[in-house]
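Me: Please go through the cysteines, the strands, the charged pairs and the surface of the structure below.

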Amino acid sequence: MSKFYTAKDLEKMIASGTCLKTLPSDAKFTPMARDILRKHKVKPGTAAPTATAGVATGSSVKIHTPVLPDAEYNWKPGGDPKTAAELEKFFYSPEIQVLKERICHIGKRIWDKGYVDGNGGNITVRVGDNLVLCTPTLISKGFMTPDDICMVDLDGNQVAGTRPRTSEVNTHLGIMKNEPKAKSCVHAHPVYATAFAVAGVTPPSCLIPEPEVFLGEIGLASYQTPGTPENAQEVGQLAKKHQSILMQNHGVICWGKDVEDAYWKMENTDAFCQTVTVSMQIGGPKQYGTDKLKELINIRKNLGMPDHRLEELKECELCDADAYTIHTSPQPTSCGCQLPDANTGDIDEALVKQITDMIVKELSK
C-alpha cells in the first residue's frame, strides 16, 4: 500500500535536511502536502543516486536507507477539539481523511476475504484522548466510502458523521479503555476462527512460529450479547493479555497499533485456526516444545508486543496441544434435563423404578 504524506511530514523532512525528491514516486499526498511540493518545485522519485566514498574502495553503493512504514496515528495528549467548529475542522482534516480511507480499504479487504457477510463486522481507529473513528451500522464493509465513517467519544456517544455508528463500537471502546496500546480494532466473522469461537475452543500453542510472534496467546470471551456493556467489559479485560480474542458464539476481534496491524492479526488468527483444523484430520498437531516457545515469546516482546505468558504461566502450561480435541460424536446440549447415557453404567435404578411405578399407576386409572 502506498504511503500517505501530510504537510507536517514534509515540513519535518525539510527541517531535517532530507531532500523531498527522495519521496517514493508512488507516494500519495494530502492537498496541503501537494502545495508544499509545488512551492518547492519537487517531483517525488526524481532524486539521482549520489556517489559515495565507498565507490573508490570497492564497497557496495547505497542509494536508500530502508525505513519501515509506520501508519500509527499519534495525537497530542490534551489536544482534542473543544468546540463544534474545532471538531468539524478536525473531522474533515487531511490527516483524518487518510485514516477514513484506510478504514474503507481494510473494510474492502475483510469483505474480499469472506470474513464478513451482509453488514457484518466493524472497524475502529482511535484519534484522540476521547475520540474514535468507527464504521457505521447497516453497511457492507466492502463498499464503504470515507463519507460513511463516524466518530464517537470513549463513552460511545456519536460526535460526528452523517450515518449512525455501529452499536458494537462499545466492545472496541472496552478494549481501548483497558489497553492504551490498542489504537485500532477489527471485528469480523472469518469461518475457521468463528468455528473455534462457536465450539468454545482456542487453538493450541507450540505449533507454528508466526502466530506465537504476531498473535501471542489467543483469548476466549464467554458469550455476551453483542453491543452490550457486559460484552465490552468481558472483552476489554481480556485485551490486557490478548491481541486476538474469540468471542464465543459470535466471531473474532483483534487490536493493533494501527488498522493494518489489527487486520493482519485477523488474517493470522483465521489461517492458524484453519491449519489446526486440517492437521486434526491427518494425524493431529505435533508440538515443538516450551524452550522454542520461550524464544518466540521473547521475539514478540522485543517487537514491542505484550505477552504475559512467561511471567504468569507455569512451564507445563505453555504448550497445551495435548488438551485440544476434536469432538466427533454428538455433544450434550446445554439443557439441564438430559438422561444418563445407557452405556456409562450410571443409571439410577431407584429413579427408574420410581418413574415406572408412576407410569403404571397412571395407566391403571
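The questions and replies below take these topics in turn.

Reply: This is a predicted model, in which local features need pLDDT of at least 70, side-chain atom pairs count only at pLDDT 80 or more, and totals for chains, interfaces and linings use all residues. Residues are numbered from 1 along each chain as its sequence is written, and side-chain values use heavy atoms, with hydrogens and water left out.

Me: How many disulfides does the structure have?
Reply: A disulfide is a pair of cysteine sulfur atoms within 2.5 Å. Cys206 and Cys319 form such a link, with their sulfur atoms 1.6 Å apart. By this rule the count is one disulfide.

Me: How far apart in sequence are the parts that Cys206 and Cys319 tie together?
Reply: Helices (H or I, at least four residues) and strands (E, at least two) are DSSP runs, numbered from the N terminus. The disulfide of Cys206 and Cys319 is left-handed, with -70° about the S-S bond. Cys206 lies in the loop between helix H7 (191-199) and helix H8 (209-214), and Cys319 in the loop between helix H13 (315-318) and helix H14 (349-363), so the parts tied together are 113 residues apart in sequence.

Me: Are Cys206 and Cys319 buried or exposed?
Reply: Buried means under 20% relative accessible area, exposed over 50%, and partly exposed in between (1.4 Å probe, protein chains only). In these terms Cys206 and Cys319 are both buried.
Another cysteine, Cys104, has a relative accessible area of 10% and is likewise buried.

Me: Why does Cys134 not form a bond with Cys150?
Reply: Cys134 is buried, with a relative accessible area of 0%. The closest cysteine sulfur to that of Cys134 is in Cys150, and the two do not bond because they are too far apart, at 4.7 Å.

Me: Which residues of strand S9 point the other way from Ser244 and Leu246?
Reply: In a regular strand the side chains alternate between the two faces of the sheet. Strand S9 covers residues 244-247, and the four residues named here are buried. Ser244 and Leu246 point one way, and the other way point Ile245 and Met247.

Me: Which residue in S10 is the bridge partner of Ile245?
Reply: Two strands pair if DSSP finds at least two bridges between them. Strand S8 (residues 219-221) runs parallel to S9 and is joined to S9 by three bridges, with Gly219 partnered by Ile245. S9 and strand S10 (residues 251-256) run antiparallel and are joined by four bridges. In S10, the bridge partner of Ile245 is Ile253.

Me: Which hand does the β-α-β unit of S8, H9 and S9 have?
Reply: A crossover is right-handed if, with the strands pointing away from the viewer, the path from the first strand over the helix to the second runs clockwise. Helix H9 covers residues 229-238, and the unit that H9 makes with S8 and S9 is right-handed.

Me: Which residue takes a positive phi in the hairpin of S9 and S10?
Reply: The hairpin has three residues between the strands. The residue with a positive phi, near 60°, is Asn249.

Me: What is the distance between Glu312 and Lys241 at their closest N and O atoms?
Reply: A salt bridge is a side-chain nitrogen of Lys or Arg within 4 Å of a carboxyl oxygen of Asp or Glu, and a search of the whole structure finds 14 salt bridges. Glu312 lies in helix H12 and Lys241 in the loop between H9 and S9, so their pair ties together parts 71 residues apart in sequence. Glu312 is partly exposed at 45% relative accessible area, as is Lys241 at 37%. The closest N and O atoms of this salt bridge are 2.6 Å apart.

Me: Which residue forms a salt bridge with Lys301?
Reply: Lys301, in helix H11, is partly exposed, with a relative accessible area of 31%. The partner counts as exposed at 55% relative accessibility. The closest N and O atoms of the pair are 2.6 Å apart, and the partner is Glu311.

Me: What is the area of the nonpolar surface patch that includes Leu303?
Reply: Patches are made of residues with over 30% relative accessible area and no salt bridge, where like charges are joined within 9 Å and nonpolar side chains (Val, Leu, Ile, Met, Phe, Trp, Tyr) within 5 Å; accessible areas come from the Shrake-Rupley method with a 1.4 Å probe, and for residues only the protein chains shown count as cover. Leu303 lies in the loop between helix H11 (290-302) and helix H12 (309-312), and is exposed at 51% relative accessible area. With Phe214 and Ile299, Leu303 makes a nonpolar patch of about 270 Å².
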